[in-house]
Amino acid sequence: MSENDIDFASSDEELTKVQEVRYSLPKLLHELQVERTSSVFSKEILDQVEISKIFAQKKRAREKARE
Amino acid sequence: MAYKINALIVDDDDHVRGFLVVLIRRLLEGVVFEARHGQEAIEIYKAEKPDLVLLDVNMPHMNGLDALRQIRALNPDAVIIMLTSLATRRIVEDAADLGACNFIRKDTPKSQILEVITNTIEEHLVPQTEATQS
């Protein structure tokens, strides 16, 4: 076996050692915000049905926040 | 159903404004004020306190989102429907976050525009006003 060959057996063992992955919620939310404001997603043209859905979602969120 | 409420229509395009005035007069019995840009809209809003505002997004002097922010600062319960020709997700979400009650694409069929305006009036203004059969 050459040096460049991958030892799949030991790689699998390495993977099973990973027991916990930590994410930073503020970082994820920031990434989401950047994605929503600067990407193709933010420039997507919406029809009247989609617009109504967004306003309905915002309304539900506001009502939930009030409760 | 004709609602006894006053409205302010804000759009820099005379034809669009005229079209919206004709359309909204089918629904309202009150006065319909007109403004050509955001700054003029704020002045009329302060003076006349209309119940309902139809506000274009892209306008000279002051755009619709800035005007929306200022009107909501004057009256947090202001009932405002935004209008645009180009409804990108970002503009729609910004308008919703700033407190707009609804949003209409200008190329929406007339019947659907009337439906959105009627639904907004029913949801936000009817408990405060008297609706009469016409």
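**Two helix pairs, one across chains and one within chain B**

In this predicted model, helix 4 of chain A touches helix 4 of chain B through two sets of residues: Glu50(A), Ile51(A), Ile54(A), Phe55(A), Lys58(A) and Arg62(A) come from the chain A helix, and Arg89(B), Val92(B), Glu93(B), Ala96(B) and Asp97(B) come from the chain B helix. Sorted by class, this contact is a mix of 5 nonpolar and 6 charged residues, with no polar ones.

As for how the two helices lie, helix 4 of chain A covers residues 48–66 and helix 4 of chain B covers residues 89–97. Their axes come within 10 Å and cross at roughly 30 degrees. Angles under 35 degrees count as roughly parallel, so helix 4 of chain A runs roughly parallel to helix 4 of chain B. The crossing itself is right-handed.

The other pair sits inside chain B, where helix 2 (residues 38–48) meets helix 3 (residues 64–74). Here the axes come within 9 Å, and the crossing angle is roughly 15 degrees. That angle makes helix 2 of chain B roughly parallel to helix 3 of chain B. Helix 2 of chain B also goes past helix 3 of chain B in a right-handed crossing.

On the helix 2 side, the residues in contact are Gly38(B), Ile42(B), Tyr45(B) and Lys46(B). Helix 3 of chain B supplies Ala67(B), Gln70(B), Ile71(B) and Leu74(B). By class, the contact between these two chain B helices comes out at 5 nonpolar, 2 polar and 1 charged residues.

How values were computed: Residues are numbered from 1 along each chain as its sequence is written. Chains are lettered from A and ligands numbered from 1 in the order in which they are written. This is a predicted model: local features need pLDDT of at least 70, side-chain atom pairs count only at pLDDT 80 or more; totals for chains, interfaces and linings use all residues. Side-chain values use heavy atoms; hydrogens and water are left out. Axes are lines fitted to C-alpha atoms, for helices over the stretch in contact, and angles run from 0 to 180 degrees between N-to-C directions. Helices (H or I, at least four residues) and strands (E, at least two) are DSSP runs, numbered from the N terminus. Angles under 35 degrees count as roughly parallel, over 145 as roughly antiparallel, 65 to 115 as roughly perpendicular and the rest as oblique. A crossing is left-handed if the near helix is turned anticlockwise from the far one by less than a right angle, and right-handed if clockwise. Contact means heavy atoms within 4.5 Å. Ala, Val, Leu, Ile, Met, Phe, Trp, Tyr, Cys and Pro count as nonpolar, Asp, Glu, Lys and Arg as charged, and the others, Gly among them, as polar.
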